[in-house]
Amino acid sequence: MPANSRELNDGWTFALVGGADSTVQTAVREGEWLPAHTFPTTVHVELIHHQKIPDPFIGLKEWDVQWVGEAEWAFKTQFTATDDEVEAENVDFVFDGLDTFAVVELNGHKILETDNQFVAHRVPVKERIRAGENVLVLTFASAFRKGREIEEKHGKLNLWNGDSSRLHVRKAQYNYGWDWGPVLMTVGPWKPIWLETYTTRISDIDIRPRVDEQLSAAVDISFELSQSGQTVAAVQIKDSEGRVVIGQTNITVKSERAEAHFKLSAGVLELWYPVGYGKQPLYSVEIKIMDKDGHLLDTKTQKFAFRRVRVVQDELEGQEGRSFLFEVNNIRIFCGGSNWIPADSFLTTLTPERYRKWLQLLVDGNQNMIRVWGGGIYEADVFYDICDELGIMVWQDFMFGCGQYPAYDSFTKSVEVEAEQNVKRLRHHPSIVIFAGNNEDYQVAESLKLELDYSDETSDFRKTNFPARYIYERLLPSVVERLCDIYYHRSSPYSGFGKETTDKRYGDLHQWNVWHGSQEPWHNWDILAGRFVSEFGMEGYPNIRTVDYWLGGDQSERYPQSRTMCNHNKADGFERRLELYLVENFKHAFDIESYVYYTQIMQAETLASAYRLWRRNWKGRGKEYTAGALVWQINDCWPVTSWAIVDYFLRPKPAYFAIKRELRPVTVGATRKERKTFPDPRSAARFTVETVLAVWGTNANAGAGREPRRATLELTAFDLHSGWTERLTREAVLAPNAATELCEGALPGQPVRTALSEVPRTIVVSARLLDADGSVLARTSNWPEPYKYIKFPTPEEVALRITVQPDGEHVELSAAKPVKGIVLDVDGADAEWSDQAIDLFPGDPQRVRVKGLNGRTVKARYLGDGSA
């Protein structure tokens, strides 16, 4: 009989079955079975639906639901098995994911016990299932209490974020709380449950498309069957239109494994490229197996793509160290992107539509890479499917984060199964370009001065006080090497070459000396650069509507320092850090609307500066001094003030748009530096201060021909307090796939100063790159900083005009004076804008697309608008 599979998602009920303290909660009676309104699901989601607990995303309610994660719960369903199902040669239950410590019983018989959220289980049940009614019960222990119990046995270890017991539990680590997320210990059947029947099934497909330097390809396909026997297989490769490209029939399978091999020459196959560099054609492999009489036993289809990916770590010209860059189909790519955390504290509420909206936002923001962070989950299949389709490169961590993890036998055995299953599940996705062993665990080891000799490449490490090094340097790389062709990196960050993780000359870098660490000014991003900056960030408040959501209508808490506001910012010392960067740079106000605005503009300025300066370091082959920048982070798992550039409700912050501008195919950037010269080396009183402006352009063009791009550089300097302006133009030739220095010299209009008491003129510069037809390819602005010293013109002098266009879907902005940091909004429901955090200059009006304006008046905030 052909293999058959059906999902068991109907008729589920759930109940509290123990462990709840009646002094903490009275809403749920032990043994009271309630219907599950959806499946898969978890307990918090169901209790919120039944109004048994409050929404933990509002106010301080997070702390009123902690008992849920410390109780014991059961899920139960009755289902009917048909005669055909129970009479099949093989009958299996497949549990795609149980969170986390579960005992599974079928008709009163225990069939499974689980302890890893990331592991799927296949259980033969032919001897236990019966025709007609069957009862399936899943009983979940508290992962928190179980973790504390395991910790008592194996010992307490060190970590950043969350409860130390999490290190012993293979569960999404962010559930224990992080510096951006709540403590919400989920529990339940979080992935589908299937009943499968078959004679022989295809148990594994391994597709290895290998593209050589000439861009020809060989495809090695191997597949495994559930049992040996006389079977015949047919293998076909189809293109994205479903047309057969190549295939093989009548493959005799004499054991449990078979192979097929194909070759395609360059030009015959279409290659998969990252977004902005080419198309994303997806192929599929279809495998059918038949018995000796030609009856179909099973069929499986798996998508894949052809691409050649290399992680290049070569010596560099002109600087010490090595590159760390991604090369796809012989094209070296500057990776501008984001870090990704789970998009909800309650994962079962995430839909394919929400995933698509998030990832489309990434692409619309001109980003080409996303890093799946190691404290969350191996994401849902649909996440990677969408990345394949949209051309988003994926940096995939294994699920270890910020800890001194153990490596005792039962733990490593579970991790090995977890790694094998997830590498097999993910390996065919062309979007995945790297696996990394963990997030920041080597940094934890360095900070604690654990036994960490980077020159030791041979030890087992399990008997050291950094035992998980065995996992990252022995277990995981062996699994990845055996099961796929994807590059393995020991950690993020990790330098390699015997260097510590903070070495900016090697590997990838988490640059947290802005915000954390030494709390550098964001203007120092150029000297803080690494070869590939895989984390950096700045906090900013979310949309005011998101703030009002978590306030839940409590107007008494609607100010920045309120208890509720503080509960919705989980970063240690956030008050000091936010105010440090605000007070260093801005004259600002404290009403909540203003605080939202100023922190958002601060975040936008900080992050735009990083992308602008680091993209300048991509100077061409052999000079890829910085090859990537991944902001921490794109998203949130609940409504919160965090480093996210888009809030929980998919509302982009102004920083999202500032980054979007810096990642356009063609950009222009500018910096100003003060040069202080002492003519007499023995005198500190005599000196000159010259302000120097440097301008560069970037050109991401790496397509056919890879020709330089010709443009006109237009620089216009304005004195903010007079009518003086000066404009100069020059021809610019932008090298392909590189940054090009365009000019450097004295800032127009700024006299050389000979005393610090001489206040410099407030000279603001507009830089634009113009195409041959006069259209604007790129624009940037350069203002004197810090902004707090600027005496901005009055709103009347600025004369900002916001003109809604006749179509009602565009607004045009113009002004009589330069304007910094325009953020547009409307009263009522949010509108969707195509740009924010806009700098505007006289004679250069800008048009912004808006969706959902519906005739409403457009409001604007900007620096110097009179609010501070």
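**A helix pair, an open sheet, a hairpin and a buried serine**

Helix 6 and helix 8 cross each other in a right-handed sense. This crossing belongs to a predicted model, and the description below should be read with that in mind. Helix 6 covers residues 409-426 and helix 8 covers residues 469-483, and the two pack with their axes 10 Å apart, at an angle of about 35 degrees. On the side of helix 6, the residues that take part are Phe411, Thr412, Val415, Glu416, Ala419, Glu420, Val423 and Lys424, and they meet Tyr470, Ile471, Leu475, Leu476, Val479, Val480, Arg482 and Leu483 of helix 8. Sorted by character, the residues of this contact comprise eleven nonpolar, one polar and four charged.

From the helices we can turn to the strands. In general, the strands of a sheet are paired through backbone hydrogen bonds, and the pairing can be parallel or antiparallel. One open sheet in this model is built from four strands, which follow the order 1-12-5-8 with antiparallel pairing. Strand 1 (4-7) and strand 8 (121-124) each have a single partner strand and stand at the edges, so one side of each has no neighbour in the sheet. On average, and with direction ignored, neighbouring strands of this sheet are turned by 20 degrees against each other. The partner of strand 1 is strand 12 (residues 193-198), to which strand 1 is joined by four bridges in an antiparallel arrangement; within this pair, Ser5 stands opposite Glu196 of strand 12.

Another antiparallel pair is made by strand 18 (residues 283-291) and strand 19 (residues 296-304), which are joined by eight bridges. One of the pairings along these strands links Ser284 to its bridge partner Lys303 in strand 19. Strand 18 and strand 19 form a hairpin with four residues between them, and in the turn Gly294 has a positive phi of about 90 degrees.

The last stop is a single residue, Ser323, which is located in the loop that connects strand 20 (309-312) with strand 21 (325-328). Is Ser323 buried or exposed? Its relative accessibility is 1%, and because buried means under 20%, Ser323 counts as buried. The side chain of Ser323 reaches back to the backbone oxygen of Val312, at 3.0 Å. When neighbours within four places in sequence are left aside, the residues in contact with Ser323 are Val312, Gln313, Asp314, Leu316 and Glu624.

Notes. Residues are numbered from 1 along each chain as its sequence is written. This is a predicted model: local features need pLDDT of at least 70, side-chain atom pairs count only at pLDDT 80 or more; totals for chains, interfaces and linings use all residues. Side-chain values use heavy atoms; hydrogens and water are left out. Buried means under 20% relative accessible area, exposed over 50%, partly exposed in between (1.4 Å probe, protein chains only). A polar contact is a pair of N or O atoms within 3.5 Å; within protein, one must be able to donate a hydrogen and the other to accept it, and residues adjacent in sequence count only if both atoms are side-chain atoms. Contact means heavy atoms within 4.5 Å. Axes are lines fitted to C-alpha atoms, for helices over the stretch in contact, and angles run from 0 to 180 degrees between N-to-C directions. A crossing is left-handed if the near helix is turned anticlockwise from the far one by less than a right angle, and right-handed if clockwise. Ala, Val, Leu, Ile, Met, Phe, Trp, Tyr, Cys and Pro count as nonpolar, Asp, Glu, Lys and Arg as charged, and the others, Gly among them, as polar. Two strands pair if DSSP finds at least two bridges between them.
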